Amino acid sequence: MVFSSITFLFLFLPVTLAGYFLLPNRRAWRNGFLLAASLLFYAWGELGYLAVMLASIALNYAAAILIEDTRDRPSYRGVVWWGIAGNLALLCWFKYANFLAGNLSTLLGVAWPASGWGNAPALDLAPVHLPLGISFFTFHAISYLVDVHRRKVLAQRRLLDLALYISLFPQLVAGPVVRYRDVAAQLIVPRRVGLDDLGEGTRRFILGLGKKVLLANPLGATANAVFALDPRTMLNAPAAWLGLACYTFQIYYDFSGYSDMAIGLGRMFGFRFLENFHYPYVARSLGEFWRRWHISLSTWFRDYLYIPLGGNRRGPARTLGNLLTVFFFCGLWHGASWTFVVWGLWHGAFLIAERLGLERMLARLPGAAARAYTLLAVALGWVFFRENTFADALLYLRALLGGASALSPVMAARAGAAAYLEPGRVLILAAATVGC
């Protein structure tokens with residue numbers, strides 16, 4: 001069930017809101033009701049994998065209490081690492097098992113015969129289903145355990161409240177990545193929701209819904225049509241740039257739209273989630289872009305990976321290596337494919353270049369030039385994010401440079417940018433440009 005579906009808008013949400021506000025404003029009653037609604041939301045599309053979420057809840061409930069209760073014992077650090085490892089094991093199995101098996105099979109296919117041992121053993125792994133929201137609720141759980149370890153929060157000893165934090169439906173599907181310490185107080189006290197909260201939550205939800213339905217979806221349809229063309233024979237440069245522009249807008253309005261809807265929904269139920277997007281396409285550098293884009297995710301990687309690796313405290317070379325490591329895993333977090341890894345390393349490489357002096361040069365440029373550089377770097381990176389293979393991404397980049405521009409008149413009419421620029425789409429592109 002997605003937030004923009006008819007089922008959610010006209011059945012699940014009104015029934016959940018009505019039930020929530022008809023209950024007495026007591027912590028146990030309203031938290032219990034929201035937990036039941038959140039589990040129903042998850043089970044609606046992932047009933048067979050509800051047990052995975054329940055296992056995550058049980059694991060992290062027990063691990064946090066053990067972390068807090070064994071601080072003075074020799075086994076303490078082992079408990080911390082086993083708790084984190086349990087979460088990563090769930091994520092790696094469901095999200096990366098097929099990716100790892102496929103790459104290992106390829107590697108063995110090359111190395112095994114070269115060793116003279118005959119044919120490589122077959123690594124046939126049936127497709128592993130990716131449960132809804134597992135990337136998000138796993139990151140929520142890891143940040144919770146680490147913050148308990150760092151004494152930033154106390155372990156939650158009410159199972160119902162921790163279960164609600166991990167499964168709360170507004171932030172379950174597409175973010176933001178909400179840290180326990182940011183909502184802990186809101187979980188343990190009765191939440192008072194006034195008309196101002198309901199009004200602002202509704203306004204924010206409608207804004208996100210409009211981004212998703214009125215902008216992201218039609219822009220995505222155009223991008224899909226262009227990216228489906230064969231870049232070797234059917235795609236000229238104007239159409240390729242149009243497709244990339246549409247996808248660049250689509251992914252922003254998709255991600256930020258879902259974040260707006262999540263923030264709005266949270267407000268309706270008395271939760272205040274932190275902002276997740278802040279006009280990233282006006283950034284004057286890639287560093288500034290990542291301070292504006294998916295803020296909850298970028299700060300998660302900063303606080304729970306970059307800083308523990310040493311951050312910028314261990315010399316320039318180590319700092320640059322830490323940046324590449326973070327963006328390698330940032331790319332992999334978005335999807336189990338080498339194209340996502342390349343997308344992450346693409347951003348990491350630009351951030352390294354900016355650390356080495358490019359950012360100082362950008363600061364001396366006119367604002368429009370610096371923003372053009374940032375937007376171009378981000379948009380070209382989206383090619384790797386969008387395409388399924390590295391080869392396809394390179395072909396699309398070649399088309400952007402005019403690599404397939406010698407089309408026949410009939411093909412040009414079918415594949416050129418003009419074929420996708422009827423007045424409705426021009427209006428949507430104009431609105432998307434102003435809105436971002």
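The following exchange covers the core, a surface patch and one covered helix of a predicted model.

In this predicted model, local features need pLDDT of at least 70 and side-chain atom pairs pLDDT 80 or more, while totals for chains, interfaces and linings use all residues. Residues are numbered from 1 along each chain as its sequence is written, and side-chain values use heavy atoms, without hydrogens and water.

Trainee: Which helix gives the largest share of the largest nonpolar core?

Mentor: Such a core is a set of buried Ala, Val, Leu, Ile, Met, Phe, Trp, Tyr and Cys residues joined through side-chain atoms within 4.5 Å. Here it has 133 residues, with Phe 8 and Trp 382 making the most contacts inside it. Helices are DSSP runs (H or I, at least four residues) numbered from the N terminus. The largest share, 15 residues, comes from helix H9.

Trainee: Is Val 15 buried or exposed?

Mentor: Val 15 lies in helix H1 and belongs to a nonpolar surface patch with Leu 11, Leu 40 and Trp 44. Buried means under 20% relative accessible area, exposed over 50%, and partly exposed in between (1.4 Å probe, protein chains only). Because its relative accessible area is 52%, Val 15 is exposed.

Trainee: Which helices do the buried residues of H11 pack against?

Mentor: In helix H11 (residues 295-306), 11 of the 12 residues are buried, among them Trp 300, Phe 301 and Tyr 304. With contact meaning heavy atoms within 4.5 Å, the buried residues of H11 pack against helices H5, H7, H10, H12 and H13.

Methods
Helices (H or I, at least four residues) and strands (E, at least two) are DSSP runs, numbered from the N terminus. Patches are made of residues with over 30% relative accessible area and no salt bridge: like charges are joined within 9 Å, nonpolar side chains (Val, Leu, Ile, Met, Phe, Trp, Tyr) within 5 Å. Accessible areas come from the Shrake-Rupley method with a 1.4 Å probe; for residues, only the protein chains shown count as cover. A salt bridge is a side-chain nitrogen of Lys or Arg within 4 Å of a carboxyl oxygen of Asp or Glu.
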